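Trainee: Could we look at the pockets in this one together?
Mentor: Gladly, here is the model.

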Amino acid sequence: MEFTASQIASFIDGKIIGDENALITGVSPIESGEAGHLSFIAQERFSHYLDTSNCSVLIVSENILTKDSYSQTIISVKDAYLSFQVLMNLYQEMQGRKEGVEDGASIHETAVVGEKAYVGAFTYVSEKAKIGEGSQIYPQVYIGKGVKIGKNCKIDSGARIYDYCIIGDNCVIHSNTVIGGDGFGFQPTPQGFKKIPQLGNVIIEDDVEIGSNCSIDRATIGSTVIGKGTKIDNLIQIAHNVKIGQNNVIASQTGIAGSTIVGDWNQIGGQVGIVGHIKIGSQVKIQAQSGVNSHVNDKETVYGSPAISYNNYLKSYVHFRNLPELVKRINNLENNSKDQTNE
């Protein structure tokens, strides 16, 4: 597709500095811009690209601009990052959605596929499953018995959604993620570990996005719940009966053990481990690689393993990174004290 700078500015309510007819045929990262391409600058630390980028048009946060003219065409906006997101969403919508059922898909006669939905080749839709209007189910997806998928969802190739799980509207599930696999429940006996049946399901509320290669386990009884608006990165494990609230962001390789409750608007860093049967409050920040083994109150920031208050961790780190030197000094003090006593 081709757009002029003027057309792009109209989509994001931007002000043009330079040639409003500059033609755009693609986009580039600011570090490797090309003629005829569009990029953006949202932060002061990247402002040097205003003079060095080869891009023909740049979307720039207005507070960064210091001159009346530049070598490129500039589209001045309040927030370049948010404006660029608007453009990307518009471009994605322009690509259109597929509709219909492709050859090779298998849909049970009791399943229901909504209007304008798409089911890709080699996808299997089990009995009494329901796919909402406009949802996109890509090739080689498995949808189990009684699964309900809302409107305008996107389920990428290779995802597996097991029996009776419920997916809300406008959700995205990326490739090779498993929703509703058995929870890790075993009872020790003299004969070994005996499996506890996992009879619940997973409920994913509206506007949730789940990355690739994640596992979200079904509840033993009841439901594992992912709250509205929550965003989950790749390679994440969420165990049975976990309840996650609304608008959380959870980074890669995090694991949350069974029956833990997570509140709303939390930020959980990469490689965080959270034990089972605890409660994480709301507006909490958990720094990367932390191990959380006790309750966390609202608005706390924690760090370390086991995780403690972020500020306390930083203060403690000053000391334990110098621990060998401190031990040496203590030993020297003890030896000097003994020498003085012997005298």
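Mentor: We will go through two pockets and what lines them. The model is predicted, so local features need pLDDT of at least 70 and side-chain atom pairs 80 or more, while totals for chains, interfaces and linings use all residues. Residues are numbered from 1 along each chain as its sequence is written, and side-chain values use heavy atoms, without hydrogens and water.

Trainee: What volume does the largest pocket have?
Mentor: The largest pocket (an open set of 1 Å grid points over the protein atoms alone where a 1.4 Å probe fits, with protein on both sides within 12 Å along at least five of seven lines) holds about 840 Å³ of space, counted as the space filled by probe spheres set on the points. It is lined by 17 residues (each with an atom within 4 Å of a point), and Asn-89, Gln-92, Glu-93, Lys-154 and Val-172 are the closest to its centre.

Trainee: Which helix gives the most to that lining?
Mentor: Helix H3, residues 80–94, does, with five residues (a helix is a DSSP run of H or I, at least four residues; a strand is E, at least two).

Trainee: And what's the second largest like?
Mentor: The second largest pocket has a volume of about 390 Å³, and among its 20 lining residues Phe-3, Val-27, Leu-38, Leu-87 and Tyr-91 lie nearest the centre. Helix H1 (5–12), strand S4 (26–27), strand S5 (37–41) and H3 each give two or more residues to this lining, and the largest share, six residues, comes from H3.
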